[in-house]
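Me: Please take a close look at one part of this model, the salt bridges. Which residues pair up, and is each partner buried or exposed?

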Amino acid sequence: MPHSFTLPNLRREAAALWRLAWPMLIGQLATVGMGVADVAMTGHASADELAAVSLGASIWSIILVTVSGTMMAINSVVAHDVGAGELARIPHAVRQSLWKALGVGVLAMLLANLATLLFEHLYLTPHVQRQATLFVHAISIGLPPFAAYRALYGYSTSINETKPVMLIAILGLLFNVFVNWLLVFGHWGLPRLGGVGCAVATGLCMWLMLAAMLVWMRLAPAYRATYPFTHWEWPHWPEIRSMLRLGLPIGVTYFAEVSAFGAVSLLVARYGVVQVSAHQIALNFSSLVFMVPLSFGIGLITRVGQAVGEGNPVRARFVAWVGVWMSLAFAVLSALFIVLCRRQIAAAYTSDAAVQALCEQLLLFAALFQLSDATQVATSCAIRGYKVTRQPMQIQLLAFWGFALPLGCWLGLAPQWLPWSPAQPMAAAGFWIGLVIGLTVAAVLLSWSLQRLSLARVAEGRTG
């Protein structure tokens, strides 16, 4: 059987998923590189500018990730239509997704600017508060085009066109670094804007990436059968509401995950520079490694969605589990690498002996982290390929806010009013134990959910 778990079938499916995922991986790494460039370049401007960028980027990243998740509904919608051979329905879905992007992007821009009111309560110096606020005001101009770009990103990847998103992300990274250089330091007679220059560069970069995607779609033959800009179309509210029902749970999930990690960083900060520095290094390296299973997961939305759309639940189940096992296999390799090379990883980030020593301990937790994190992202994306988004949201909310954060607070802070608290706070290590346990809960529950869902669809196909 073409979808049985034999070695040749596994190789074919793994190769197909890898062809889909690797350009997205390069694109994800290029996008992460924009944030790295912002921090690195403002760090050479001044400590105050770096602080302002760090504060502004904390708001930007939470809202950006939430918008990205909310716009992911188009991935499964288009993938289902491709699988069903209903190519004529795709242009309408993409046009409506762009109307949705307009609303989501404008709302996100307003929320980002309102969130700067939080800076007034953080006891910042007037200069840092002013620069952080200006950073958010400037970078928020990129949220509407980013939402539209993510709609077209989802459309492109779901018709198996992933190389454009890789090349456009690399173009965006190069543009971002160059304009940072001009505006942060005031080269070529331009004003020296410091951290605000990074925000202007990133906001402009979002518009450039949207324009590049539109031009690519207009010129590339692969988009002709489903090209969405053949005529004007007003918003169709039932279609938009349907996509919001699919996308909002993903956006809430992404918000819950990013805000939980942000909360952990704030709580660890009370234990001083060594603890927070080691925590940030371990988390940063884990985030980089996470890009691989995340790319597999986005590819799974397409692969599973196309199989479901063509009415082949057996293939959908096969595709889903091959993707999960690929993500887990990579996680095993990355975990071994982290365990064996944790000293070198810590040394690459810092020369401080105390930070290095603690970072090496936290990287052991990061190695465990890889297994559950890769499994939960792959299984949740496979479930979304079935157009099921509410159940992954519920499970991940439970994992992050029901297990990871409370357990982390119990172990890391050791409040004496709680029974059975540790004698001494475990600080960063306690929070990492909470994260590992929370993500393990998510991985187990999502794997169980995917198993039930995929078997139920197979049974329905046999009796239908």
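The reply below goes through salt bridges one pair at a time.

Reply: The model is predicted, and a search of the whole structure finds five salt bridges. Three of them are described here, among them the pair formed by E360 and R343.

Take that pair to begin with. The side chains of E360 and R343 meet with an N to O distance of 3.8 Å, which counts as a salt bridge because the cut-off is 4 Å. E360 belongs to helix 12, residues 353-385, while R343 belongs to helix 11, residues 313-349, so the contact ties together parts that are 17 residues apart in sequence. E360 is buried at a relative accessible area of 17%, so E360 falls under the 20% limit. R343, by contrast, is exposed, with a relative accessible area of 56%.

Another pair joins D81 and R89, whose closest N and O atoms are 2.7 Å apart. Here the acidic partner, D81, is buried, with 6% relative accessible area. R89 is partly exposed, at 46%.

In the pair of R315 and E310, the salt bridge has an N to O distance of 3.0 Å. This time the arginine is the buried partner: R315 has a relative accessibility of 13%. E310 counts as partly exposed, with 38% relative accessibility.

To put the buried partners together: D81 is buried in its pair with R89, R315 is buried in its pair with E310, and E360 is buried in its pair with R343.

Methods:
Residues are numbered from 1 along each chain as its sequence is written. This is a predicted model: local features need pLDDT of at least 70, side-chain atom pairs count only at pLDDT 80 or more; totals for chains, interfaces and linings use all residues. Side-chain values use heavy atoms; hydrogens and water are left out. Buried means under 20% relative accessible area, exposed over 50%, partly exposed in between (1.4 Å probe, protein chains only). Helices (H or I, at least four residues) and strands (E, at least two) are DSSP runs, numbered from the N terminus.
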